[in-house]
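Work through the exercises below with the sequence and the model in view. Each task is followed by a solution in steps.

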Amino acid sequence: FAQEMLDWQMVHRFRALADLNLARLREQVRTCLIGAESVLLSQVLERFPPREGILEIVGYLVVAMQDSQHYVPGDQYTDVNVDATGRLERWRVPEALFTRASRS
């Protein structure tokens, strides 16, 4: 198991972050919440495998942090496999909990 390192190729990939369609990611989260009160990021990724690699996962984390009904505990992580231009990368990322209703 190789740990990923930030290199210049990765920096160029992160430049595309601004182009991520957060509305599409929010819609995919809403789709997963149709039949459940809450869903984990790892479950969303199983249903909607990332098309934009690790950047898309970062986008889901942005959605979780921007929308108050969602929660990122900060001490829970999940391992995800991402197909990055034909090679499989394994990343350890913060787990997020997406929920339907605002938490009080």
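**Exercise 1. Phenylalanine 98 and its contacts**

Task: In this predicted model, list the residues in contact with phenylalanine 98, leaving aside its neighbours within four places in sequence.

Solution.
Step 1. Set aside the neighbours within four places in sequence, and take contact as heavy atoms within 4.5 Å.
Step 2. Phenylalanine 98 is then in contact with Val29, Leu33, Glu37, Ser38, Val39, Leu40, Leu41 and Val44, and also with Tyr60, Val63, Ala64 and His70.

**Exercise 2. The largest nonpolar core**

Task: Which residues of the largest nonpolar core touch the most other members, and which element supplies its largest share?

Solution.
Step 1. The largest nonpolar core has 20 residues, and those touching the most other members are Leu41, Ile57, Tyr60, Val80, Val93 and Phe98.
Step 2. At least two residues of this core come from each of the helices α2 (22-32), α3 (41-47) and α4 (54-66), and likewise from each of the strands β2 (77-84) and β3 (87-94).
Step 3. Helix α4 supplies the largest share, six residues.
Step 4. As a general background, nonpolar side chains tend to be buried together in soluble globular proteins.

**Exercise 3. Threonine 99**

Task: Is threonine 99 buried or exposed, and which backbone oxygen does its side chain reach?

Solution.
Step 1. Locate the residue: threonine 99 belongs to strand β4, residues 97-99.
Step 2. Its relative accessible area is 10%. Buried means under 20%, so threonine 99 counts as buried.
Step 3. The side chain of threonine 99 reaches the backbone oxygen of glutamine 69, at 2.3 Å.
Step 4. Beyond four places in sequence, the contacts of threonine 99 are Leu33, Glu37, Ser38, Gln69 and His70.

**Exercise 4. Glutamate 56**

Task: Describe the surroundings of glutamate 56 in helix α4, and find its salt-bridge partner.

Solution.
Step 1. Glutamate 56 has a relative accessible area of 0% and is therefore buried.
Step 2. Its side chain meets that of arginine 24 in a salt bridge, 3.5 Å from N to O. This pair links distant parts of the chain, with glutamate 56 in helix α4 and arginine 24 in helix α2, 32 residues apart. Arginine 24 is buried too.
Step 3. A polar atom of the glutamate 56 side chain lies 2.8 Å from the backbone nitrogen of arginine 51.
Step 4. Contacts of glutamate 56 beyond four places in sequence are Leu20, Arg24, Leu25, Gln28, Pro49, Pro50 and Arg51.
Step 5. Leucine 22 is 34 residues away from glutamate 56 in sequence, and the two C-alpha atoms are 8.9 Å apart in space.

**Exercise 5. Salt bridges in the strands**

Task: How many salt bridges does the structure hold, and where in the chain are arginine 90 and aspartate 79?

Solution.
Step 1. The structure holds seven salt bridges.
Step 2. One of them joins arginine 90 and aspartate 79, whose closest N and O atoms are 3.7 Å apart. Arginine 90 is in strand β3 and aspartate 79 in strand β2, eleven residues apart.
Step 3. Arginine 90 is partly exposed, at 39% relative accessible area, and aspartate 79 is partly exposed at 33%.
Step 4. Glutamate 89 and arginine 87 also form a salt bridge through their side chains, at 3.1 Å from N to O. Glutamate 89 is buried, at 1%, whereas arginine 87 is partly exposed, at 44%.
Step 5. Asp79, Arg90 and Arg92 are joined into one network by salt bridges that share partners.

Technical notes
Residues numbered from 1 in each chain as written. Predicted model: local features only at pLDDT ≥ 70, side-chain atom pairs only at ≥ 80, totals over all residues. Heavy atoms only, no water. Core = buried A, V, L, I, M, F, W, Y, C linked by side-chain atoms within 4.5 Å. Buried < 20%, exposed > 50% of the residue type's maximum accessible area, 1.4 Å probe, protein only. Helix = DSSP H or I, 4+ residues; strand = E, 2+ residues; numbered from the N terminus. Salt bridge = Lys/Arg side-chain N within 4 Å of Asp/Glu carboxyl O. Polar contact = N/O pair within 3.5 Å; in protein donor to acceptor, adjacent residues only side chain to side chain.
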